[in-house]
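Student: Could you take a close look at one part of this model for me, the second largest pocket? I'd like to know what lines it, and then what lies elsewhere in the two chains.

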Amino acid sequence: MPAGQVLGVVVIALLVAAVFNSEAIVRAGESMQGGTTRDVVLSVARPLDDVAGTVGLHLPREGFDMAFGQEPKTAEGTELESGSTAILRPATKRKRDNKAFPQPTPTSPIEVFVTGDSQALFIGELLTDELPDDLFNVEVSPRNSTGLTNPEFFNWEINAQQEVAARGPGAVVMVMGGNDGFNVLGEDGELYGPQDPEWQTEYARRAAVVMRELGSNGKRPVYWLPPPTARDGAFNLIYQTQNRAIEQAAAAVPGVRYVDIYSTINNGRYSDELKIDGRRVLARQSDGVHFSREGAIVPTRLVVDAMAKDYRALRADGDAAP
Amino acid sequence: MAAVSFPTIEFAAFFVVVFVISWALMPHPRAWRPFILVASYVFYGWIDWRWVLLLIVSSVVNTVAARVISQSPSQESRKRALTAAIVFDLGLLCVFKYLGFFVSEVDGAFDAVGLGSPLPLLQIVLPIGISFFTFQAISYVVDVYRGETKAASLGDVAILQAFFPHLVAGPIVRANELLPQLRTPRDPREVLAGPGLFLIAGGLIKKTVVADELARNVVDPVFNDPAAHSGLEVMLAIYGFAAQIYCDFSGYTDMAIGVALLLGFQLPQNFNRPYLALSLQDFWRRWHMTLSRWLRDYLYIPLGGNRDGERRTYRNLMLTMLLGGLWHGAAFTFVIWGGIHGAALSVERWARGRWQGFHLPMWVAWLITFHVVCLAWVFFRSPDLATAFAMLGGVFAGGPSPLVTLPMVSLTVAAIALQAVPGRAWERAEDWLVTRPVAAQGVALGLLIVAADAAVGQEGVAPFIYFQF
């Protein structure tokens with residue numbers, strides 16, 4: 001076949017894919033790092049998506065989604081995108097702390113659902129080793145590149161509702177925040193960046209919405225891990241803010257435990273290496289953010305410590321009463 | 001990593017531009033060569049431009065070594081140049097791939113005997129594809145030394161190493177397969193579009209519909225926590241991984257060969273229905289064929305092959321497969337994977353000599369071969385030895401099996417069983433496809449891309465398994 005015809009086939013294929021898949025291209029663009037590529041993809045895909053949606057060209061893709069059992073992970077008008085900061089009013093101390101969650105037994109183990117962004121993978125995998133097999137079953141479902149500041153790409157409120165309905169977990173571990181640096185619309189409709197105090201409030205509000213869904217408003221404990229320290233100082237400024245926001249949100253939603261891996265690990269100083277069980281290990285990956293598999297044991301043990309406050313079987317004194 | 005992966009928006013845009021300019025420049029080799037080299041470097045440097053410098057240094061060193069080898073009248077200096085090039089190439093591999101592991105193990109050993117921690121732990125980023133372009137460089141200088149290929153110009157060697165379709169995860173191309181094609185302009189009227197498009201479409205389906213689905217729904221959950229799963233789920237995860245790694249790796253290779261074909265170049269075949277193999281020897285003639293022939297030609301035969309008696313042959317087989325395992329990475333799981341293959345190849349060879357003329361029924365031979373391969377995959381996939389043994393122990397565990405669903409069982413069976421479809425059937429399908437009108441071909445391919453994207457959903461395409469090697 002002549003090269004010109006091959007080009008025709010390729011171009012037609014890409015056009016067909018772009019038109020029928022415009023929603024997915026917009027989402028892919030939204031998941032990209034800020035920069036020229038992202039701008040170009042979004043400037044082409046968004047108008048295309050508007051047109052395709054208007055004339056019903058989303059239907060074939062929706063048919064394929066249905067065939068492959070894919071549920072929509074985005075929607076417009078959710079509380080995650082816009083809602084009241086009233087959700088951040090601190091819960092009463094009784095509501096917040098004194099909830100007694102069902103305790104695991106060998107005949108009725110607790111299903112622990114570990115989710116979040118890519119940082120959730122190793123922590124979830126290691127949690128399976130750290131928790132007693134006969135009392136806890138761990139399921140891990142990381143959603144790479146997601147965060148709370150980009151709900152057009154992935155809406156954690158909707159995903160939390162779907163996951164809780166499908167899995168009915170007894171406890172949830174959420175590891176989240178490494179991809180969150182986007183500007184957000186505050187309650188007042190203004191756009192705020194991570195350097196603004198309003199960003200922290202809005203981030204806390206969004207986290208509280210997702211916390212409420214994951215914990216079904218106090219029905220099950222939610223252990224929330226915002227990011228640890230990073231090698232890059234600019235990241236640390238954002239991560240610090242996120243930690244304060246999560247602490248604030250956790251105080252407002254019953255059953256949520258803020259697990260501080262920012263200031264506790266190495267006293268809040270970033271280091272590639274950590275001493276673990278008397279042995280130095282390379283605890284971080286080369287990006288200076290993610291934990292290595294060996295290093296992820298440190299935040300994992302902090303999760304277990306936090307869980308021990310809710311589950312007697314995880315305390316050093318075993319079954320002793322709280 | 002996503003930017004250098006074939007099924008991405010970035011690659012689609014990159015390829016359309018490269019395709020047009022490449023064919024436009026094809027009649028002018030002086031312009032085409034720098035263009036395709038720069039395009040390949042852009043493709044490789046998208047994530048980290050420093051990797052391109054590494055690639056350039058590798059090309060320069062190997063070009064100089066090959067020149068010395070081809071021009072020097074003295075055998076001594078030829079040998080010295082060859083040794084220097086191989087030491088350099090393996091040195092690169094050692095620094096980037098094995099030094100961190102070595103330092104960590106030595107540090108642990110010192111610490112264990114109370115000598116403290118004298119070594120700084122190293123944070124080394126593994127340049128993607130380094131194992132592939134390094135092996136290619138070694139094969140080039142060795143071939144020049146053996147007189148099997150002529151020393152080429154720096155530009156040609158650089159293209160040989162960096163040509164973007166095969167750069168990241170193979171196939172491992174030998175100089176005499178690609179260099180002659182670089183020297184003759186391709187004919188723009190005779191593009192092998194049928195096989196090219198068919199391979200790209202097939203590779204896309206293998207990756208998105210089979211490999212990623214199996215990984216997400218069965219393989220990853222079970223390998224993450226074998227103790228929490230029943231024997232049935234563990235078995236499905238093991239068979240599922242056999243299907244996943246085949247579809248993931250051969251899917252990538254299919255797309256690589258397809259992309260190269262659309263640009264007018266033929267790369268060697270890397271898979272030939274490996275799960276139909278009736279022996280381990282047969283398996284290695286069908287699985288990652290360009291690596292196995294590399295190991296045969298540049299390791300097994302130089303070690304002595306089967307020329308020095310049975311015991312030496314077994315030793316050579318074992319060494320070759322152990323080093324083949326280590327090529328994948330510095331981990332004991334890969335060493336055991338290689339060890340299982342080496343031991344099985346040796347046993348097979350011994351049994352053939354012991355019971356000459358006796359043949360197992362075909363189905364028994366297939367069953368044994370397939371299960372030895374699956375046993376080795378357990379170690380290959382497991383993050384550590386404890387997980388591998390937990391997987392093997394878990395085969396006999398009871399309990400409910402919610403992960404054993406009809407779609408997952410069907411995907412696993414289909415990925416293996418489809419290999420029995422005769423090659424002629426695929427060729428007929430290619431012929432049929434290429435005779436459709438251009439618009440029909442384009443629409444079909446476009447809808448296939450939409451379906452593939454729907455299959456992976458919001459998760460996106462997972463990185464190819466062989467990118468880490």
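Tutor: Here's the pocket, followed by the cores and a few loop residues.

Keep in mind that this is a predicted model. The second largest pocket takes up a volume of about 1300 Å³. Its lining is made of 43 residues, and the ones nearest the centre are Phe198(B), Leu199(B), Lys206(B), Asp254(B) and Trp426(B). Sorted by class, that lining splits into 28 nonpolar, 9 polar and 6 charged residues.

As for which helices do the lining, five of chain B put in at least two residues each: α9 (193–224), α10 (231–262), α17 (406–417), α18 (423–434) and α19 (438–456). The largest share comes from α9(B), with 9 residues.

Next, the packing. The largest nonpolar core holds 142 residues, and Tyr140(B), Phe164(B), Tyr275(B), Trp287(B), Trp377(B) and Tyr466(B) are the ones with the most contacts inside it. Here α10(B) is the top contributor, giving 19 residues to this core. So α10(B) turns up twice, since residues of this helix also belong to the pocket lining. If you want one residue to zoom in on, try Trp377(B): leaving out neighbours within four places in sequence, this residue is in contact with Phe241(B), Ala242(B), Ile245(B), Tyr275(B), Phe283(B), Trp287(B) and Trp337(B). Another core lies apart from that one; this other core has 37 residues, including Val164(A), Met174(A), Tyr203(A) and Ala249(A).

While we're in chain B, have a look at His288(B), in the loop between α11 (280–284) and α12 (289–300). Its phi is positive, about 40°, although the residue is not a glycine. His288(B) counts as buried because its relative accessibility is 1%, against a cut-off of under 20%.

Chain A has a residue to set beside that one. Asn267(A), in the loop between β7 (256–258) and β8 (273–276), also isn't glycine and has a positive phi, near 55°. Asn267(A), though, is exposed, because its relative accessible area is 63% and the cut-off is over 50%.

Two more loop residues of chain A are worth a click. Asp133(A) sits in the loop between α6 (120–130) and β2 (136–142). With a relative accessible area of 46%, Asp133(A) is partly exposed. Not counting residues up to four places away in sequence, Asp133(A) touches Thr128(A) and, in the other chain, Ala227(B). Its C-alpha atom is separated by 19 Å from that of Thr115(A), 18 residues apart along the chain.

Then there's Gln195(A), in the loop between β5 (191–192) and α8 (197–215). Gln195(A) is exposed, at 64% relative accessible area. Here the C-alpha separation to Ile238(A) is 7.5 Å, with the two residues 43 apart along the chain.

How far should you trust chain A? Its mean pLDDT is 88, and 96% of its residues reach 70 or more. Among its elements, strand β6 (residues 222–225) has the highest mean pLDDT, 98, while helix α5 (residues 93–97) has the lowest, 59. Where pLDDT is low, the predicted coordinates shouldn't be read in detail.

Methods:
Residues numbered from 1 in each chain as written. Chains lettered and ligands numbered in written order. Predicted model: local features only at pLDDT ≥ 70, side-chain atom pairs only at ≥ 80, totals over all residues. Heavy atoms only, no water. Helix = DSSP H or I, 4+ residues; strand = E, 2+ residues; numbered from the N terminus. Buried < 20%, exposed > 50% of the residue type's maximum accessible area, 1.4 Å probe, protein only. 1 Å grid on protein atoms, 1.4 Å probe; cavity = no way out; pocket = protein on both sides within 12 Å on 5 of 7 lines; lining within 4 Å. Points joined across faces, edges and corners; volume = space filled by probe spheres on them. Nonpolar A, V, L, I, M, F, W, Y, C, P; charged D, E, K, R; others polar. pLDDT = per-residue confidence, 0-100. Core = buried A, V, L, I, M, F, W, Y, C linked by side-chain atoms within 4.5 Å. Contact = heavy atoms within 4.5 Å.
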